[in-house]
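Hi,

Here is the structure I promised to pass on. Have a look at it first, and my notes follow underneath.

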Amino acid sequence: MFPNDKIDIASLDVIFNRMLETITNSKDDIFIISEQSRRSFEDMQNELEIVRKEINILIDESDSLEKLLQLSRQRLVIVSKTFSEQTEEQVRVAYENTTKLQLDLSLCREREGQLRNKRDDLERRMKALYDTIERADHIVNQVNIVINYLTTDLKDVSAALEQAKIKQDFGIRIIAAQEEERKRLSREIHDGPAQMMANVLMRSNLIDRTYREKGVDAALQEISDLKENVRNALHEVRRIIYDLRPMALDDLGIVPTLKKYLSTVMEYNPGVDIQFVSYNNEQRISSNYEVSIFRLVQESVNNALKHGKPRVITVKMEWLRNHINIVVKDDGSGFNMEDVREDSFGILGMRERIELLKGSIKINSSVGNGTIVIFKVPYPTNDEEILT
C-alpha cells in the first residue's frame, strides 16, 4: 500500500468479520467433536465397568472349578489305585467328571483371556479418546482467546497498534485466565450440583410409586433420603461459592482464611491430615495478592488430593523481609517429573498466576515419594495491579 492510499474501512470490516465468522465456525466444529468424543468416552467407561465385573465373576468361577478339579483328580487317583474294587460305572463317572471339569476350566480361562484383551483394548482406546478430548478442549480455549481478543481488543485498530505489546503480554493472560476459570466452574457445577439435582428429580418421581407399592413407611424413608440429597446439593453449591471467592479473605486476611479452608477440606476428605503453619508475623497485603496466594495453595492442595492420594498434606507460610515463601508438601504417590508436560492445565495455570505476582514456583516430585511445591511471592509495590 502506498503512503497516499486511503484505507478502505468497509473492506477491512468485511475481511475482519469473515475471518471472525470462520474462526467461530471452526470453534463450533471442534466443540461438537469434543462433545461426541466425550459421549463415546462415557459409553466406553460404562462398557469397561461391565467387562471388569465379568472378569471378576470369571476369576471366582475359575477358582471354584480349579478346586473342584483338584478334588476330582484326587478321586480319580483313588479309583485308579482301587481299580479292581470299583464298578465300571464308578470308573466311568470318575473319568468323565474330571474331563468335564478340565474342559469347563479351560473354557472359563479362555473367556477370561478374551475379556482381559477386551478390557486392555478399551483402556487403550479410552486413553487415546481422552487425549483427543483434552486436545480439543485446549484448542477451543485457544480459539476463544483469539475470538475475545479480536472482538474486544481489536475493535479500535489504531489503539490496538499503539498498545500491541501491552495487549499481547497482559490482555491475553486476562482472557485466558477468565476462560479457564469458567471452564473449571462449569465442570464443578456439572459434576456436583447438577448431578445431585438430577438424582433428586429422579427420586422425587419414585415417592408416589413407593407409597403405592410399599406403603407409608417406605415412602417416608424415601422422602428422608431425598432431603439428605437436597442438603448435600446445597452443601456442594455453598462449597463452589466459597471456592469462587471466600468472604473471610477480605475481612480476616490470608492466614485465617487458609486455616478455615484447609480445615474444611480435611473434613471433606476423611483419612487425610492437613497441617497448616505460619512463621513470623503475618501482615495484610493487597486483596489481589491475597486472592492469588489463596488460589495457588488451593490448586496445589486439590492436585495433591486428586492425583497423589496422600495421608498428610503440610502447608507452610514464611513471612520474610521482602517476600513470602509458601510450601505445600504431601506424602502421596508422587509422579515422574519427566512425564509431566509443561503446558498441562494445572501447572500452566499456577505458573501464569505466579508470573503475574512476579514470583517463582518450584515443583519437586518422584514416584512414591510425594510432591513438594514451593512458591516465592515478593511483596507488592503500591502501583502494582494483580489479576485474580
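**What I found**

The protein exposes about 25200 Å², and carbon and sulfur atoms supply 54% of that area (accessible areas come from the Shrake-Rupley method with a 1.4 Å probe, and for residues only the protein chains shown count as cover). Before you read on, note that this is a predicted model: local features need pLDDT of at least 70, side-chain atom pairs count only at pLDDT 80 or more, and totals for chains, interfaces and linings use all residues. Residues are numbered from 1 along each chain as its sequence is written, and side-chain values use heavy atoms, with hydrogens and water left out.

**Overall layout**

The secondary structure comes to 9 helices and 5 strands (DSSP runs numbered from the N terminus: H or I of at least four residues for helices, E of at least two for strands). Reading from the N terminus, the order is α-α-α-α-α-α-α-β-α-β-β-α-β-β. Of the 388 residues, 32% are buried (buried is under 20% relative accessible area, exposed is over 50%, partly exposed is in between, with a 1.4 Å probe and protein chains only). Among contacts between residues at least 6 apart in sequence, 72% join residues at least 24 apart (contact means heavy atoms within 4.5 Å).

**The cores**

In soluble globular proteins, nonpolar side chains tend to be buried together. Here the largest nonpolar core has 37 residues, of which I254, V301, I313, M317 and F375 touch the most other members (a core is a set of buried Ala, Val, Leu, Ile, Met, Phe, Trp, Tyr and Cys residues joined through side-chain atoms within 4.5 Å). Elements that each supply at least two residues of this core include helix 7 (254–268), strand 2 (312–319) and strand 5 (371–378). Helix 8 gives the largest share, 9 residues. There is also a second, separate core of 16 residues, which includes L48, I55, L65 and L105.

M317 is a good residue to click on: leaving out residues up to four places away in sequence, M317 touches I254, V255, L258, F276 and I293, among others.

Helix 8 covers residues 287–308, 22 in number, and reaches 31 Å from its first C-alpha to its last, close to the 32 Å expected at 1.5 Å a residue (the expected span is 1.5 Å times one less than the number of residues). After helix 8 comes K309, whose phi is positive, near 50°.

**A few single residues**

T257 is in helix 7 and counts as buried because its relative accessibility is 1%. From T257 to F294 the C-alpha distance is 8.3 Å, with their positions 37 residues apart in sequence.

Helix 1 (residues 9–81) holds S26, and S72 is found in helix 1 too. S26 counts as partly exposed because its relative accessibility is 33%, whereas S72 is buried, with a relative accessible area of 8%. The C-alpha atoms of S26 and V143 are separated by 8.6 Å, though these residues are 117 apart along the chain. S72 is in contact with A94, N97, T98 and L101, leaving aside neighbours within four places in sequence.

**On the surface**

Which residues form a nonpolar patch on the surface? They are Y211, V216, L220 and I223, with about 360 Å² of accessible area together. Helix 5 (residues 216–244) brings the largest share of the patch, 3 residues. I223 is found in helix 5 and counts as partly exposed because its relative accessibility is 32%. For the patch, residues need over 30% relative accessible area and no salt bridge; like charges are joined within 9 Å, and nonpolar side chains (Val, Leu, Ile, Met, Phe, Trp, Tyr) within 5 Å. A salt bridge is a side-chain nitrogen of Lys or Arg within 4 Å of a carboxyl oxygen of Asp or Glu.

Cheers
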